[in-house]
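Colleague: Could you take me through the aromatic residues and the overall build of this model, reasoning step by step?

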Amino acid sequence: MNNESYLSELAGSLQMRGANSARTSEAVAEVENHLSESGEDPMEAFGPPDEYAEQLLLREERRADEAADARWVERTFRATAFGEMRVLEDAGRQGWELTDVGYYALNCRRPRDLEAVRRWEYSRRVSADHQAVLEDMSALGWEPCGLWLPFHYFKRSL
Amino acid sequence: MRGVLDLCVLAALADGERYGYDLAQHLDRAGLGRVKGGTLYPLLARLEAAGLVTGEWRPGHQGQGRKYYTLTSDGRRGLEEQTSAWKEFVARATTLLDEGRGKHDEQ
């Protein structure tokens, strides 16, 4: 992977994890500087962009939540309606529980205590009849976790 | 040994600010080996979030912006405390290792 495509993948990975544009551009610029000065290969020096983004943000989030003595680490994933189910599938497998849905935003949380982390699966239904979807899905063990009409989001612990 | 790397980074900043790659080279020259960017920057981000260092972006010599890290007063205090804790640990381990070697020599 050349530097340019590495950096753009890294930017995408950071944004998807809810990093704001200031944090994203800062992190990308720092990697870019390091690469141009050291001449190192990006994969060699930083590892896969997705993993690097995860490592960078998780440490900051955990640290911030430790300071606040919170039970949960919170993260807002950014995705459009087209890619969000894939994002949710990955996030759920890593223990992120969807708590609310907003504008291009999937608000998730995960216990700070890694022993208490559960894995989640997600389903999205499209309907104008909220009550009917709720009844359907509840019967199958799904719990509602977000509503952004016409999308209804459901979660189920794996 | 991750905690020790934190400590070495704080120590490397004790005599003044440095940017990421400068730090990596400094640690390498000190004989600690090449610390990968994938290890170094998340560590710096964590130290910054913990308030032990602060980072400031300034233009470097070729117009490229660089983030310079400086120890905060909390960082300086942390460095002093952890350095004495680390030295005490090394002294105990050395005693233990020497005792082990003494017994080995007796046999």
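Colleague: How many aromatic pairs are found over all chains?

Modeller: This is a predicted model, and a search of the whole structure was made for ring pairs. Over all chains, the number of aromatic pairs found is seven.

Colleague: Is the pair formed by Phe46(A) and Tyr52(A) stacked or edge-to-face?

Modeller: A pair of aromatic rings is described by the distance of the centres and the angle of the planes. For Phe46(A) and Tyr52(A) the centres are 5.1 Å apart and the planes make 75 degrees. Since an angle over 60 degrees is the criterion, this pair is edge-to-face.

Colleague: Which residue of chain B do ring pairs link into a cluster with Phe46(A) and Tyr52(A)?

Modeller: Phe46(A) and Tyr52(A) are both buried. Ring pairs link these two residues into a cluster with a residue of chain B, namely Tyr41(B).

Colleague: Is Tyr104(A) buried, partly exposed or exposed?

Modeller: Tyr104(A) lies in the loop between β2 (97-102) and β3 (105-111) of chain A, and together with Tyr103(A) and Trp148(A) it forms a nonpolar patch on the surface, with about 390 Å² of accessible area. Its relative accessible area is 45%, and because the partly exposed class runs from 20% to 50%, Tyr104(A) is partly exposed.

Colleague: Why is chain B said to be more spread out than a compact globule?

Modeller: Chain B has four helices and three strands, which run α-β-α-α-β-β-α from the N terminus on. For its 107 residues the globule rule gives 13 Å, so chain B counts as more spread out because its radius of gyration is well over that, at 17 Å.

Note on methods
Residues are numbered from 1 along each chain as its sequence is written. Chains are lettered from A and ligands numbered from 1 in the order in which they are written. This is a predicted model: local features need pLDDT of at least 70, side-chain atom pairs count only at pLDDT 80 or more; totals for chains, interfaces and linings use all residues. Side-chain values use heavy atoms; hydrogens and water are left out. Rings of Phe, Tyr and Trp (its six-membered ring) pair if their centres lie within 6.5 Å; planes under 30 degrees apart count as stacked, over 60 as edge-to-face and the rest as tilted. Buried means under 20% relative accessible area, exposed over 50%, partly exposed in between (1.4 Å probe, protein chains only). Patches are made of residues with over 30% relative accessible area and no salt bridge: like charges are joined within 9 Å, nonpolar side chains (Val, Leu, Ile, Met, Phe, Trp, Tyr) within 5 Å. Accessible areas come from the Shrake-Rupley method with a 1.4 Å probe; for residues, only the protein chains shown count as cover. A salt bridge is a side-chain nitrogen of Lys or Arg within 4 Å of a carboxyl oxygen of Asp or Glu. Helices (H or I, at least four residues) and strands (E, at least two) are DSSP runs, numbered from the N terminus. The radius of gyration is taken over C-alpha atoms; the globule rule is 2.2 Å times the number of residues to the power 0.38.
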